[in-house]
Amino acid sequence: MAGGLAPAGRVIARGRAGWMGFFGAGGLSLAAVEEGVKAIKAAIPNAPAGFNLLHNPAEPKVEDATVDLYLKHDCRMVSASAYMTLTPALVRYRLTGIHQAAGGQIVCPNRIFAKISRPEVAERFMRP
């Protein structure tokens, strides 16, 4: 989903059709990502939508800033791309807002869809 391969309009169309789409944020500027997030949230506020989070080991501050943006706009689902291991930013995204409900169950509002290509990467994402 690098380079905005799945633009906001496509995510909006899928949401309106009752499907979930993922916004392709990889390679876009933070301003362009925020513009896409705002457009999606305004057009389909109650429909499920996901947002790409691209691991960039050369620029970890970009990953941190993207997580900040997603949390600011209540983006509850991300597609984690190009991760070989979990990063502090990815873990922070997942655990932000975690709480215990009145009945005692743990509620973790943020979801991660991991794109994996190797068993050892899958194992890292499947650990508790």
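Here is a short chat about how some residues in this predicted model get their labels.

User: Why is T87 called buried?
Analyst: T87 has a relative accessible area of 11%. Buried means under 20%, so T87 counts as buried.

User: Where is T87, and what does T87 touch?
Analyst: T87 lies in the loop between strand 3 and helix 4. Leaving aside residues up to four places away in sequence, T87 touches H55 and E63.

User: What makes T87 and E63 a polar contact?
Analyst: Their side chains are joined at 2.5 Å. The cut-off for a pair of N or O atoms is within 3.5 Å, so this pair fits on distance.

User: L86 is in that loop too. Why is L86 called partly exposed?
Analyst: L86 comes in at 37% relative accessibility. Partly exposed is the range between the buried limit of 20% and the exposed limit of 50%, so L86 belongs there.

User: What makes L86 eligible for a surface patch?
Analyst: Patch residues need over 30% relative accessible area and no salt bridge. With 37%, L86 clears the area cut-off. L86 forms a nonpolar patch with V91, L95, I98 and I106, and together they have about 420 Å² of accessible area.

User: How do you know that E123 and R127 form a salt bridge?
Analyst: The closest N and O atoms of E123 and R127 are 2.8 Å apart. The limit is within 4 Å, so the pair qualifies. There is also a network: salt bridges that share partners join D64, D68 and R92.

User: Why is R127 called exposed, but E123 partly exposed?
Analyst: Exposed means over 50%. R127 has 52% relative accessibility, so R127 counts as exposed. E123 has 39%, so E123 counts as partly exposed.

User: What makes D74 and R76 a salt bridge?
Analyst: Their closest N and O atoms are 3.3 Å apart, and the cut-off is within 4 Å. The pair therefore counts. D74 is partly exposed at 43%, and R76 is partly exposed at 34%.

User: How many salt bridges does the structure hold?
Analyst: Six. Among them is the one between E120 and R118, at 2.4 Å from N to O.

User: How do you know that strand 1 and strand 2 pair?
Analyst: Pairing takes at least two bridges, and three join strand 1 to strand 2, so they pair. The two strands run parallel, and G21 has A49 as its bridge partner in strand 2.

User: What makes strand 2 mostly covered?
Analyst: Five of its six residues are buried.

Definitions and conventions. Residues numbered from 1 in each chain as written. Predicted model: local features only at pLDDT ≥ 70, side-chain atom pairs only at ≥ 80, totals over all residues. Heavy atoms only, no water. Patch = residues over 30% accessible without salt bridge, like charges linked within 9 Å, V, L, I, M, F, W, Y side chains within 5 Å. Areas by Shrake-Rupley, 256 points an atom, 1.4 Å probe, with all protein chains shown as cover. Salt bridge = Lys/Arg side-chain N within 4 Å of Asp/Glu carboxyl O. Helix = DSSP H or I, 4+ residues; strand = E, 2+ residues; numbered from the N terminus. Buried < 20%, exposed > 50% of the residue type's maximum accessible area, 1.4 Å probe, protein only. Polar contact = N/O pair within 3.5 Å; in protein donor to acceptor, adjacent residues only side chain to side chain. Contact = heavy atoms within 4.5 Å.
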